[in-house]
Amino acid sequence: MKIQFTDTHVKLENIAGSKKKNRQRLNWIKLAEKGRIPTQAKYTSPRISFDGENWWLSVGIKTSRKLKPMRELKFVCKQAGHPYTEGVGIDLGIKDLAIISDTTKVRNINKTRTVRKLKKTRRRLQRQVSRKYQMNKKGDSYCKTSNLIKGEKRLLRINHRLANIRANHVHQATAAIIGRKPSFICLENLNVQGMMKNKHLSEKVQEQNLYEFRRQIEYKAHWAKIAVVIADRWYPSSKTCIECGYVKKDLTLSDRTYVCPHCGNVIDRDFQAALNLKRYGETELSKSAS
Ligand SMILES: [Zn+2]
């Protein structure tokens, strides 16, 4: 498929192929977003999809990897700004999205008012829609009234909005972390399968985009030439005392504060996990260097 872009329009040869001179303008389709796709590039594998609300067009672009420098996003990480001088360990979780070993953290976007309100609206709409389905039931078939269709559309729009807010948050957080150029990043190997077995937890894990966070850290770090260390799955990052190395085996998820029975160290559980991960990363990297 031949494809051409301007800042505001796209021309797809297969879809609109009018060759008449006065129809030339008809071949161009207006884009919803201005300047998102660079003009004058080589495009590969164009894809068109419809998500029920919008049409999406995606293309691959060949370019040298220096499009835009990463920005520092101060509102995501408290205290963000200055570049790191060393590596960081990042503990991922439900309460906050990420706790970083330099005492900064990325909040859980699902706890903000906007998201909570959206979820409430969604619940109400879902109930409305299913009630209308029941009302219009005729034997095995449904009769879709225009109100019902309208409700479904609104529901779809809310779902898209929620997904966008969550995706945007993860992008800003990972960009902010990478933008500060740590010498390495160490993440824990999430036992997501184990978490998914817990019904209550699995919804929160999905909402939190933990997988996506790790994926973005990995590829953005790769672009910025920052080493990423993934800790061994069984490494007890939150159970190990940062001061003396004692491993507290009976620490449960509800214990938010770690009190070491061996040396008396008292510390926030997630922050200690981040510190341990940082140390883990240092050890691993010095091993591979020697
Ligand atoms: Zn201790």
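**Salt bridges, zinc site and surface of the predicted chain**

In the structure examined here, E53 has a relative accessibility of 28% and therefore counts as partly exposed. The structure is a predicted model. The side chain of E53 meets that of R157 in a salt bridge, with an N to O distance of 3.1 Å. E53 lies in the loop between β4 and β5 (55-61), while R157 belongs to helix α2 (residues 146-179), so the salt bridge ties together parts of the chain that are 104 residues apart in sequence. R157 is likewise classed as partly exposed, because its relative accessibility is 44%.

The chain as a whole contains 6 helices and 14 strands. It has 290 residues, of which 36% count as buried. Contacts between residues at least 6 apart in sequence were also examined, and 58% of these join residues at least 24 apart. The chain exposes about 19,000 Å², and carbon and sulfur atoms supply 51% of this area.

The count of salt bridges comes to 12. One of them is formed by the side chains of K278 and E86, at 3.1 Å from N to O. This pair links distant parts of the chain, with K278 in helix α6 and E86 in the loop between β5 and β6 (88-92), and the two residues are 192 apart in sequence. K278 has a relative accessibility of 15% and so counts as buried, the limit for that class being under 20%. Its partner E86, at 40% relative accessibility, counts as partly exposed.

A further salt bridge joins the side chains of R180 and D102, with an N to O distance of 3.4 Å. Here too the pair connects distant parts of the chain: R180 is in the loop between α2 and β11 (184-187), and D102 is in the loop between β7 (98-100) and β8 (105-106), 78 residues apart. With a relative accessibility of 2%, R180 is counted as buried. D102, by contrast, is partly exposed, its relative accessible area being 23%.

Salt bridges also link K119, R166 and E207 in a network. E207 is one of the buried residues of helix α4 (residues 199-208), the others being L201, S202, V205 and Q208. Just after α4, N209 takes a positive phi of about 60°.

A zinc ion is bound through four cysteine sulfur atoms, the SG atoms of C241, C244, C260 and C263, which lie 2.2 to 2.3 Å from the ion. The arrangement is tetrahedral because the 4 donor atoms subtend angles of 108 to 112° around the zinc ion, and four donors are classed in this way if all angles lie between 85 and 135 degrees. Along the sequence, the donor residues follow the spacing C-x2-C-x15-C-x2-C. C241 and C263 link distant parts of the chain: C241 is in the loop between β12 (227-230) and β13 (257-259), whereas C263 is in the loop between β13 and β14 (266-268), 22 residues apart. C241 counts as buried because its relative accessibility is 1%. C263 has a relative accessibility of 39% and therefore counts as partly exposed.

Helix α6 (residues 269-289), which holds K278, also includes E284. E284 is classed as partly exposed because its relative accessibility is 28%. In sequence, E284 and A231 are 53 residues apart, and in space their C-alpha atoms are 8.9 Å apart.

On the surface, I48, F50 and W55 make a nonpolar patch of about 360 Å². I48 is located in strand β4 (residues 43-50). Its relative accessible area is 38%, so I48 is partly exposed.

Definitions and conventions:
Residues are numbered from 1 along each chain as its sequence is written. This is a predicted model: local features need pLDDT of at least 70, side-chain atom pairs count only at pLDDT 80 or more; totals for chains, interfaces and linings use all residues. Side-chain values use heavy atoms; hydrogens and water are left out. Donors are N, O and S atoms within 2.8 Å of the metal (3.2 Å for Na, K and Ca); water is not among the atoms, so sites may look incomplete. Four donors count as tetrahedral if all angles lie between 85 and 135 degrees; four count as square planar and six as octahedral if opposite donors are over 155 degrees apart and all others between 65 and 115; anything else is irregular. Helices (H or I, at least four residues) and strands (E, at least two) are DSSP runs, numbered from the N terminus. Buried means under 20% relative accessible area, exposed over 50%, partly exposed in between (1.4 Å probe, protein chains only). Patches are made of residues with over 30% relative accessible area and no salt bridge: like charges are joined within 9 Å, nonpolar side chains (Val, Leu, Ile, Met, Phe, Trp, Tyr) within 5 Å. Accessible areas come from the Shrake-Rupley method with a 1.4 Å probe; for residues, only the protein chains shown count as cover. A salt bridge is a side-chain nitrogen of Lys or Arg within 4 Å of a carboxyl oxygen of Asp or Glu. Contact means heavy atoms within 4.5 Å.
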